[in-house]
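Good morning, colleagues. Please take a moment to look at the sequence and the structure on the screen before I begin.

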Amino acid sequence: MPGGRLTQQERQQIALGLADGLAYAEIARRLDRPTSTITREVTRNGGPTAYRADLAHRATERRAHRRRQAAPRGPEAHPQAHGRDPEAVREYEEAYTTVLMNSGMPTMMSRVMACITLTDTGSLTASELVQHLQVSPASISKAISFLESQGFVRRERDERRREHYIVDDDIWYQSMVASARSTAQIVEIARQGVGVLGRDTPAAARLENVARFLDFVSESIARAAEQAREILHTKAGTPSDGAVEVPPATGH
C-alpha cells in the first residue's frame, strides 16, 4: 500500500533496483510508491551504493521501537504547525540528518543542524535542542561549537539573556564562499610547487594541472553562489514549485 510502511520484500526490491542502476522514480513506479518514499529510505540507510535491505529493515524496526518507548515521555518538544504530519516530519528530519552525515558532517552536529534548519524560526535554545534530541547539554554544546566554527550557525541573546542558535538563510552561501576560499589556498600552494619542483618536470606539470582545474572550479562556485544568492533566494510565503523567475538579460 502506498501509504503504509515499506515491507522487507519491498526493501529487497529497492536493493535489486539500485544494483541494476535504476533511478529512484523507476523503483518507486515498480513498487507503486511515491518517489520521495524511496529517496528517504535509501538516503537514511547508507545511500545508493551502501543500501542493504536487511540492515535497513532492522534499522527501521529499531527506530519504531525507540519511538514506542519514548511515547510516555509526554508531548514532543516542537508541536507540528501548519497541518504537518508529525510522522512525515520526523522521517524527513532523519533523512536530512543522514544526508548531512553522508556529506562528512559528524553525527551529532548533523542532528543539531537538521533540527534547527527544520524549524520555522530557524532558531532554538540549548534546552530546546536537548529536549528534542534527547541528548545531554554537553553534546549540544560540543555540536554548536563545531557548527559555529564552520559558519553554519550563529548565536544571539534575547531580552531574557537566553542564548539562541540560529541558522541563517545565507548559511549555504557562506559555506560555498568558504569552500571557494579554501580551494583557492590549494591553488596557491600548488602553483608555488611548480616553481619549487621545476616547471618542466612531471611533478610540476601535475601541480599546474591541479591549480588550473581547482582555480576554475573555485571561481565558478563563488560566481554561481553570488548569482544564486541574488536570484534564487526564497522568502516565506512565496511560490516554491521549483520555477524561478529569472530577470531578463539586458542587451548590449
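**Helix contacts and helix α5**

I begin with one helix pair, bearing in mind that this is a predicted model. In helix α2, the residues Y24, A25, I27, A28 and L31 meet T35, I38, T39 and V42 of α3. Sorted by character, the residues of this contact are seven nonpolar and two polar, with no charged residue.

Two packed helices are described by the angle between their axes and the distance between the axes. Here, the axes of α2 (residues 24-31) and α3 (residues 35-43) come within 8 Å and cross at roughly 115 degrees. The crossing of α2 past α3 is right-handed.

I turn now to helix α5, residues 86-102. Does its length agree or disagree with the expected rise per residue? At 1.5 Å a residue, its 17 residues should span 24 Å, and the end C-alpha atoms are indeed 24 Å apart, so the two agree.

At the N-terminal end of α5, D85 acts as a cap, with a side-chain oxygen 3.0 Å from the backbone nitrogen of E87. Just after the helix, G104 adopts a positive phi of about 115 degrees.

Which residues of α5 are buried? They are E91, E93, A95, Y96, T97, T98 and L100. The elements covering these buried residues include α3, α6 (107-117), α7 (126-133) and α9 (171-197).

Finally, the whole protein. It contains 10 helices and three strands, and 31% of its 252 residues count as buried. Among contacts between residues at least 6 apart in sequence, 51% join residues at least 24 apart.

How values were computed. Residues numbered from 1 in each chain as written. Predicted model: local features only at pLDDT ≥ 70, side-chain atom pairs only at ≥ 80, totals over all residues. Heavy atoms only, no water. Axes fitted to C-alpha atoms, helices over the stretch in contact; angles between N-to-C directions. Helix = DSSP H or I, 4+ residues; strand = E, 2+ residues; numbered from the N terminus. Left-handed = near helix turned anticlockwise from the far one by under 90°. Contact = heavy atoms within 4.5 Å. Nonpolar A, V, L, I, M, F, W, Y, C, P; charged D, E, K, R; others polar. Expected span 1.5 Å × (residues − 1). Buried < 20%, exposed > 50% of the residue type's maximum accessible area, 1.4 Å probe, protein only. Polar contact = N/O pair within 3.5 Å; in protein donor to acceptor, adjacent residues only side chain to side chain.
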